[in-house]
Amino acid sequence: MANFKNLEVWEKAHALSLFAHQVALGIRGAMYSSIKNQMVRAALSIPTNIVEGREQKTDAEFARYLRYALAFTSELEYHAIAGRDIGVIKVDDFISLSAQAKTVRMMLFGLLKRLDK
């Protein structure tokens, strides 16, 4: 398999994880530590699964990891929605995070479609 750094979806997923981490750092209060931790964990899992999948021997195995990454984009987006709705994530940050997650999700769907052929 080729280098994961050559995948545009990995670049976008990495940027998403960095932005989600930045947003999570802005969440204040001990009672919100779980949402903060879950956001960071989900965000880091997206590019991590792309990296792990890229190292697999077959396209079917790679696709399995891409599906995991896809699930984590949805998880991250939900945490962002919850954070916005409870008032610990600014609306502008939510909008940007959601847009980035949607872009990564669409790219993952596209790559999965190509692998399924």
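The exercises below work through helix packing and buried residues in a predicted model.

Residues are numbered from 1 along each chain as its sequence is written, and side-chain values use heavy atoms, with hydrogens and water left out. Because the model is predicted, local features need pLDDT of at least 70 and side-chain atom pairs count only at pLDDT 80 or more, while totals for chains, interfaces and linings use all residues.

**Exercise 1. The surroundings of W10**

Task: State which helix holds W10, whether W10 is buried or exposed, and which residues W10 touches.

Solution.
- Step 1. W10 lies in helix α1, residues 8–25. Helices (H or I, at least four residues) are DSSP runs, numbered from the N terminus.
- Step 2. The relative accessible area of W10 is 16%. Buried means under 20% relative accessible area, exposed over 50%, and partly exposed in between, with a 1.4 Å probe and protein chains only. W10 is therefore buried.
- Step 3. Contact means heavy atoms within 4.5 Å. Not counting residues up to four places away in sequence, W10 touches F4, K5, P47, I50 and V51.
- Step 4. For one of these partners, V51, the separation from W10 is 41 residues in sequence and 7.7 Å in space, C-alpha to C-alpha.

**Exercise 2. The nonpolar core**

Task: Find how many residues the largest nonpolar core has and which helix supplies its largest share.

Solution.
- Step 1. A nonpolar core is a set of buried Ala, Val, Leu, Ile, Met, Phe, Trp, Tyr and Cys residues joined through side-chain atoms within 4.5 Å.
- Step 2. The largest such core has 35 residues, and I46, I50, L66, L76, L97 and L108 have the most contacts inside it.
- Step 3. At least two residues of this core come from each of α1, α2 (33–54), α3 (59–85) and α4 (91–116).
- Step 4. The largest share, nine residues, is supplied by α3.
- Step 5. Take L97 as an example: leaving aside neighbours within four places in sequence, L97 is in contact with L16, F19, A20, M39, L76 and A80.

**Exercise 3. Helix pairs**

Task: Describe how α3 packs with α4, α1 with α4, and α2 with α3.

Solution.
- Step 1. Two packed helices are described by the angle between their axes and the distance between the axes. Axes are lines fitted to C-alpha atoms, for helices over the stretch in contact, and angles run from 0 to 180 degrees between N-to-C directions. Angles under 35 degrees count as roughly parallel, over 145 as roughly antiparallel, 65 to 115 as roughly perpendicular and the rest as oblique.
- Step 2. The axes of α3 and α4 come within 9 Å and cross at roughly 165°. This angle makes α3 roughly antiparallel to α4. The residues of their contact divide into 17 nonpolar, three polar and six charged. Here Ala, Val, Leu, Ile, Met, Phe, Trp, Tyr, Cys and Pro count as nonpolar, Asp, Glu, Lys and Arg as charged, and the others, Gly among them, as polar.
- Step 3. For α1 and α4, the axes come within 10 Å and cross at roughly 155°, so α1 is roughly antiparallel to α4. The contact residues of α1 with α4 are 13 nonpolar, two polar and three charged. Residues meeting across this pair include L16, F19 and A20 in α1 and L97, Q100 and A101 in α4.
- Step 4. The axes of α2 and α3 come within 8 Å, with a crossing of roughly 160°. α2 and α3 are therefore roughly antiparallel to each other. Their contact residues divide into 14 nonpolar, seven polar and four charged.

**Exercise 4. H79 and I89**

Task: Place H79 and I89, and state whether H79 and I89 are buried or exposed.

Solution.
- Step 1. H79 sits in helix α3, and at 12% relative accessibility H79 counts as buried.
- Step 2. Without neighbours within four places in sequence, the contacts of H79 are I35, Q38, M39 and I89.
- Step 3. I89 is in the loop between α3 and α4. The relative accessible area of I89 is 4%, so I89 is buried.
- Step 4. Not counting residues up to four places away in sequence, I89 touches V23, I27, M39, H79, A80, G83, R84 and F94.
- Step 5. I89 and F19 are 70 residues apart along the chain, and their C-alpha atoms are separated by 13 Å.
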